[in-house]
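Q: I am new to this structure and would like a close look at a single part of it. Please take one helix and the helices that pack against it, and then set that part in its wider surroundings.

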Amino acid sequence: MELLRLEGLTKRYDGFTLDNVSFALEEGYIMGFIGRNGAGKTTTLKTMLGLVHPDGGTVQMCGMDFQKNERACRQQIGVVFGEFDHYPKKKLSAITDVYRRFYEQWDDAEYRRCLERFELDESKTVEQLSSGMRVKYSLALALSHGARLLILDEPTSGLDPISRDELMELFQSIIEDGTRSILFSTHITSDLEKCADYITYLKDGRIVCSMEHGALLESWRMVKGGGKPDADIAKLLVGCRTNKFGFDALVRSDDAEAAAAAGLEVSPANLEDIMLHLEKD
């Protein structure tokens, strides 16, 4: 079952347009939503959540039209915009007492299990939590009302590598039973190498691709060469970067054999390679 489908989502501002954004996410998967700062990732999330009024397009969540069934949809989603930093002086227990009133399916037993699982002490105040623990608290709230779709905007930004790695493992465990999915917006591509099943790449407000993580990696190769590429090879290069030692670039996998025959060094591409060179192209 699809937990999320965007069709032609559009939002126009002076100087920037979120242009006809479309992608879908089925249950049981993690989708990395990537793009450089300013590409429109947060605008996409805010528009699809009704925090910004769209100029066009439709959003379906958990099989329902979001605009027509916003209340019902919100009961089945959990949203984390960065770390939880509301009411820094309040204890977690006080915040939870207010939060639970908004959700018909609140499960206090599940909330207690999440506190134990995430090693959260609800007698602490928000300001006493580390950045990583604040994200975990946000997830505990989402999971405790039965959220099937988790929408996370830059949840690992500012975290140290160990905390980020712990969250990647946590995200994978959340979707293990096949009933939940995570849409995970980030510009830290190394995080997605560890956990993402699908990648949706946004550039200048437009979707470049939305596909399986492995298929995306297989569709590109990195190439390196000394000197200057000849005209025929130059036509195959994407996002070519030059330095005093030579050049490096992306080529489509179908063109890798021709690049190798021309004497270029060919190697696999990772997400960061793909993003860096496509942004340059």
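A: A good place to begin is the pair α4 and α5 in this predicted model, where the axes of helix α4, residues 108–117, and helix α5 come within 8 Å and cross at roughly 155°. Because an angle over 145 degrees counts as roughly antiparallel, α4 and α5 are roughly antiparallel to each other, and their crossing is right-handed. On the α4 side the contact is made by Glu110, Tyr111 and Cys114, which meet Tyr137, Ala140, Leu141, Leu143 and Ser144 of α5. Sorted by kind, the residues of this contact comprise six that are nonpolar, one that is polar and one that is charged.

Helix α5, which covers residues 131–144, also meets helix α3, residues 92–99, and here the two axes come within 11 Å and cross at roughly 30°. Since angles under 35 degrees count as roughly parallel, α3 and α5 are roughly parallel to each other, and the crossing of α3 and α5 is right-handed. From α3, the residues Leu92, Ile95, Thr96 and Tyr99 take part, and they meet Tyr137, Leu141 and Ala142 in α5. This contact of α3 with α5 consists of six nonpolar residues and one polar residue, with no charged residue among them.

Reading the two lists side by side, one finds Tyr137 and Leu141 of α5 among the residues that meet α3, and Tyr137 and Leu141 are also among those that meet α4.

To set this part in its surroundings, the chain as a whole has eleven helices and 14 strands, and its C-alpha trace spans about 65 × 40 × 35 Å along the principal axes. Of its 281 residues, 49% count as buried. Among contacts in the chain with a separation of 6 or more, 69% are between residues 24 or more positions apart.

Cysteine is also worth following beyond α4, and a search of the whole structure finds zero disulfides. Cys73, for example, is in no disulfide, and the nearest cysteine sulfur, which belongs to Cys62, is 6.5 Å away. A pair of cysteine sulfur atoms would have to lie within 2.5 Å to be counted as a disulfide. Cys73 has 0% relative accessibility and therefore counts as buried, while Cys240, at 28% relative accessibility, counts as partly exposed.

Two further residues show how settings elsewhere in the chain can be described. Thr47 lies in helix α1, which covers residues 41–48, and at 3% relative accessibility Thr47 counts as buried. Setting aside the neighbours within four places in sequence, Thr47 is in contact with Leu9, Lys11, Leu18, Val52 and Pro54.

Phe245, by contrast, lies in the loop between β12, residues 238–243, and β13, residues 246–252, and at 67% relative accessibility Phe245 counts as exposed. Even so, Phe245 touches Gly225, Gly226 and Gly227, when residues up to four places away in sequence are not counted. Gly227 is 18 residues from Phe245 along the chain, and the C-alpha atoms of Phe245 and Gly227 are separated by 7.0 Å.

How values were computed: Residues are numbered from 1 along each chain as its sequence is written. This is a predicted model: local features need pLDDT of at least 70, side-chain atom pairs count only at pLDDT 80 or more; totals for chains, interfaces and linings use all residues. Side-chain values use heavy atoms; hydrogens and water are left out. Axes are lines fitted to C-alpha atoms, for helices over the stretch in contact, and angles run from 0 to 180 degrees between N-to-C directions. Helices (H or I, at least four residues) and strands (E, at least two) are DSSP runs, numbered from the N terminus. Angles under 35 degrees count as roughly parallel, over 145 as roughly antiparallel, 65 to 115 as roughly perpendicular and the rest as oblique. A crossing is left-handed if the near helix is turned anticlockwise from the far one by less than a right angle, and right-handed if clockwise. Contact means heavy atoms within 4.5 Å. Ala, Val, Leu, Ile, Met, Phe, Trp, Tyr, Cys and Pro count as nonpolar, Asp, Glu, Lys and Arg as charged, and the others, Gly among them, as polar. Buried means under 20% relative accessible area, exposed over 50%, partly exposed in between (1.4 Å probe, protein chains only).
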